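Here is a friendly tour of one protein chain. Take a look at the sequence and the fold, then read on.

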Amino acid sequence: MRIAPGGLKLIAAWSAVRDLDGALGGVLLAHVRGEDVRRLFPGTYLVYTAATCAELRDMVAGVLWNGESVFAVEFERWSSGGPTADRAWLLFRGH
């Protein structure tokens with residue numbers, strides 16, 4: 001598998017009134033290759049992409065209602081443990 005240029009980002013969406021997991025995942029998969037998106041927790045995804053955090057935020061903003069939030073961060077360094085974060089997937093896209 002070929003890895004495109006990019007960096008590892010975490011993006012999370014939050015709502016007090018509805019589950020945003022499906023909406024967030026759908027938006028990400030519409031803009032990023034499926035093999036470069038991993039669900040970490042409900043409403044929280046790891047994404048390997050050349051898109052900036054601001055671009056990811058703007059992608060998701062279109063599905064948010066008033067009062068809902070999105071947060072995106074790019075990792076400089078990371079570490080993981082447990083089965084939720086796929087170690088092989090992370091290492092292939094890591095430093």
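What follows walks through the strands, the helix α1, the cores and a few single residues.

This is a predicted model, in which local features need pLDDT of at least 70, side-chain atom pairs count only at pLDDT 80 or more, and totals for chains, interfaces and linings use all residues. Residues are numbered from 1 along each chain as its sequence is written, and side-chain values use heavy atoms, with hydrogens and water left out.

**The strands**

Helices (H or I, at least four residues) and strands (E, at least two) are DSSP runs, numbered from the N terminus. Two strands pair if DSSP finds at least two bridges between them. Let's begin with β1. β1 pairs with β3 in the antiparallel sense over six bridges. Six bridges also join β1 to β4, residues 69-74, and these two run antiparallel as well. On another side of the story, β2 and β3 are antiparallel and joined by four bridges. Here are some residues that face each other across these pairs:

| Residue | Stands opposite | Strand of the partner |
|---|---|---|
| Lys 9 | Val 47 | β3 |
| Leu 10 | Leu 46 | β3 |
| Ala 12 | Phe 71 | β4 |
| Phe 41 | Thr 44 | β3 |

The hairpin of β2 and β3 has two residues between the strands, and Gly 43 takes a positive phi near 75 degrees there.

How covered are these strands? Buried means under 20% relative accessible area, exposed over 50%, and partly exposed in between, with a 1.4 Å probe and protein chains only. By that yardstick, β1 is mostly covered, with seven of its eight residues buried. As for β3, six of its six residues are buried, so the rest of the structure largely encloses it. In a regular strand, side chains alternate between the two faces of the sheet. In β3, Thr 44, Leu 46 and Tyr 48 point one way while Tyr 45, Val 47 and Thr 49 point the other, and all are buried.

**The helix α1**

Which residues of α1 are buried? They are Asp 21, Leu 24, Gly 25, Val 27 and Leu 28. These residues sit on the same side of α1 because they cover an arc of only 160 degrees around the axis, where the arc is that of the directions from the helix axis to the C-beta atoms. Gly 22 and Ala 30 are exposed on the other side of α1. The buried residues of α1 pack against β1, β2 (37-41), β3 and α2.

**The cores**

A nonpolar core is a set of buried Ala, Val, Leu, Ile, Met, Phe, Trp, Tyr and Cys residues joined through side-chain atoms within 4.5 Å. The largest one has 14 residues, and those with the most contacts inside it are Ile 11, Leu 24, Leu 28, Val 37, Tyr 45, Val 47 and Val 60. Two or more residues come from each of β1 (7-14), α1 (21-31), β3 (44-49) and α2 (53-61). The largest share, three residues, comes from α1.

Contact means heavy atoms within 4.5 Å. Val 60 touches Ile 11, Leu 24, Val 27 and Val 70, not counting residues up to four places away in sequence. There is also a second, separate core of seven residues, which includes Leu 10, Leu 46, Trp 89 and Leu 90.

**A few single residues**

Gly 6 lies in the segment before β1. Gly 6 is partly exposed, at a relative accessible area of 42%. Not counting residues up to four places away in sequence, Gly 6 touches Tyr 48, Thr 49 and Ala 50. Gly 6 and Val 17 are 11 residues apart in sequence, yet 33 Å apart in space, C-alpha to C-alpha.

Val 73 belongs to strand β4 and counts as partly exposed at 28% relative accessibility. Leaving aside neighbours within four places in sequence, Val 73 is in contact with Leu 8, Lys 9, Leu 10 and Cys 53.

Where is Asn 66? It is in the loop between α2 and β4. Asn 66 is exposed, with a relative accessible area of 82%. Asn 66 and Ser 15 are 51 residues apart along the chain, and their C-alpha atoms are separated by 9.4 Å.

Finally, the charged end of Arg 18 sits over the ring of Trp 65, 3.9 Å from its centre; this label needs NZ of Lys or CZ of Arg within 6 Å of the ring centre and within 35 degrees of the ring normal.
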